[in-house]
Amino acid sequence: MPHLDPEPPRHTLSVRHFYALDETVYELALHEPATRRALPEAFVQDLWQHQRIRPGALRTTTGTPVEVLHPGAPNPDGGPDFLHARLRIGELLWCGDVEVHVDSSAWFDHRHHTDPRYNSVVLHVALYPDMWTGGLLRADGAVLQEVTLYRCLEAPVRRLLHDFHTRPDDALLCAPHWPDVPADLRTEWIEALARERLEEKTARLEEAFREEPDLEALLYREVLTGLGYAQNAEPMADLARRVPLSLARRYADPLDLEALLAGTAGLLPEPADLLQSDRATVDYVMDLRHRFERLAARHGLEPMTRVCWQFFRLRPANFPPLRLAQAAALLAPGGLLHDDPIGRLRDALTDADPLAAMRARLQAVPGPFWQHHVRYETTSRPHSPALGTTRIDALLVNAVIPVMRLWARREASPALESHLLGLLRRLPATPNAVTRLYGALGTRPSNAWESHGLLHLHRTRCRHARCLSCPIGRHILIPPAV
Ligand code: SF4
């Protein structure tokens, strides 16, 4: 049944519809705000993309809580507005596309209900409810889950609309005043934020360790999550829960390990997907499929769905099948995760060049199949399938050093903690869209530690315009007392 707005806005306009059911003609008057249709759809997309939503407020039209793990990548081409979103709706993890409109009837106006490209939509997002809300169907006949945003927004629509129209793309609010802020103040603030970020990460790891006091298992989960890069971190973490380290350690054959990971991830192609593939590719994949069939039956493994994984706009080196082959190499004999990883990393810390020793521990080279593939179905140009230095450094920064810091804390060794922190200062900065934003103002991170600080500044302050809780903003906005 359509969900009618319980509180129609005060300025309404009546739209009259007539329906004939049996012999009787019924008149239905709908009330909509006069300005509703004038709102640009791009505004609602912006609300969704930047999640201008109060934490915990989002619910489907049937009342089920919705947690947005990733809003999806904006789609500049035809088809749904956001691709590969990850959502927790109730207890279930959903991976799929999201379509956004000002109100629900646009789903039918745009004929998405007859377009199979929209069968991958797992959530419809409308700013306002109307008579169709809660009653949307896809072309495959499935009932579409839906949320309406207008009661969940972090600020009134009028203010958010003003922000949308006046905000320069991604510019920092304080950009024009950045050079007026003393360099010392900026440096100290970035240093404090880097510490804050590391403490937050350590607190999360401590909590995970309390739930399962096993540092090796924690390291395995963090490394797998790190191999997912930003786009596939969540499904990688899910995979690490489904294939725990204790299970992976029961196998030494790299092909069994790859079958275990790729099969559980739902990434092994169906035979029908291999019709265009060459003989060697078909043989390799079919071997993995047979191995996984045995492993799944033995351990009761339930594969994830392929749509959980994102390939869109990823560099081929980050494609999940190749990353899983590298994870299998880390679990195979000789790989860091195969045996006593904490002990081997501890030894690396005492090496004359601890950074080089830790990088060497993370080397992972999958088998020769991956010299000509980045995914299972098709061949690619020859390339090295080994984990590259940039990804190894990212794993050191985001997985290995935080877990080792937790270990140092449990060993009550402040000297080791500061040794690990020193390594973060020696690792190169990771250039990305956020650090480039500050770089354009003249503040370029010179190492991974400073990158951390800038990322944390952007994520926790700039994105939410929390300038009054930022020393840079206070310096600009509040004149010093005379
Ligand atoms: S939070 Fe600080 S750094 Fe970010 S925009 Fe505001 S004043 Fe600038």
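**Entry 1: I478 and its patch**

I started at I478, which sits in the segment after α17 (471-477). A reminder to myself that this is a predicted model. I wanted to know how open I478 is, and its relative accessibility came out at 46%, so I478 counts as partly exposed. Next I looked up the company I478 keeps at the surface. Together with L468 and L477, I478 makes a nonpolar surface patch of about 310 Å².

**Entry 2: the ligand shell**

Which residues are around the ligand? I wrote down L173, C174, W178, R461, C462, C467, C470 and G473. Sorted by class, that shell has six nonpolar residues, one polar and one charged. The charged one has to be R461, because Arg counts as charged and R461 is on the list of residues around the ligand. The polar one is G473, since Gly is counted among the polar residues and G473 is on that list too.

**Entry 3: following R461**

R461 seemed worth a second look, so I checked its cover. With 9% relative accessibility, R461 counts as buried, the cut-off being under 20%. I then asked which side chain R461 meets in a salt bridge. The partner is E196, at 2.8 Å from N to O. This pair links distant parts of the chain: E196 belongs to helix α4 (residues 183-211), while R461 lies in the loop between α16 (448-460) and α17, and 265 residues separate them. E196 has 28% relative accessibility, so I noted E196 as partly exposed. That gives me a salt bridge with a buried Arg and a partly exposed Glu.

**Entry 4: A465, in the loop between α16 and α17**

I stayed in the loop between α16 and α17, where A465 is also placed. A465 has a relative accessible area of 45%, which makes it partly exposed. I also looked up how A465 lies relative to L172. The two are 293 residues apart in sequence, and their C-alpha atoms are 8.9 Å apart in space.

**Entry 5: other salt bridges**

How many salt bridges does the structure hold? The count is 26. As background, side chains of opposite charge can pair when their charged atoms come close.

I picked out a few besides the one at R461. D256 forms a salt bridge with R291, and the closest N and O atoms are 3.0 Å apart. This one also links distant parts of the chain, with D256 in helix α8 (residues 254-264) and R291 in helix α9 (residues 279-299), 35 residues apart. Are D256 and R291 buried or exposed? Both are buried.

E212 pairs with R221, the closest N and O atoms being 2.9 Å apart. The relative accessibility of E212 is 34%, so E212 goes down as partly exposed.

I also found a network of salt bridges, and its members are E199, R405, R409 and E417.

**Entry 6: L261, also in α8**

Since I had D256 of helix α8 on the page, I looked up L261, which is placed in helix α8 as well. L261 has 1% relative accessibility and therefore counts as buried. Its C-alpha atom is separated by 7.5 Å from that of L239, and the two residues are 22 apart along the chain.

**Entry 7: aromatics**

I moved on to the rings. The structure holds nine aromatic pairs. In one of them, W370 and Y376 have ring centres 5.1 Å apart and planes at 70 degrees, so I filed the pair as edge-to-face, which needs over 60. W370 and Y376 are both buried. The two also belong to one aromatic cluster, formed by Y284, F369, W370 and Y376.

**Entry 8: positive phi values**

Last, I checked the backbone for positive phi in residues other than glycine. R111 has phi near 60 degrees. R111 is placed in the loop between α2 (106-109) and β7 (121-128). Its relative accessible area is 48%, so R111 is partly exposed.

D340 has a positive phi too, near 45 degrees. Where is D340 placed? D340 is in the loop between α10 (320-331) and α11 (341-349). With a relative accessible area of 37%, D340 is partly exposed.

Note on methods
Residues numbered from 1 in each chain as written. Predicted model: local features only at pLDDT ≥ 70, side-chain atom pairs only at ≥ 80, totals over all residues. Heavy atoms only, no water. Near = heavy atom within 4 Å. Phe/Tyr/Trp six-rings, centres within 6.5 Å; stacked < 30°, edge-to-face > 60°. Buried < 20%, exposed > 50% of the residue type's maximum accessible area, 1.4 Å probe, protein only. Patch = residues over 30% accessible without salt bridge, like charges linked within 9 Å, V, L, I, M, F, W, Y side chains within 5 Å. Areas by Shrake-Rupley, 256 points an atom, 1.4 Å probe, with all protein chains shown as cover. Salt bridge = Lys/Arg side-chain N within 4 Å of Asp/Glu carboxyl O. Helix = DSSP H or I, 4+ residues; strand = E, 2+ residues; numbered from the N terminus.
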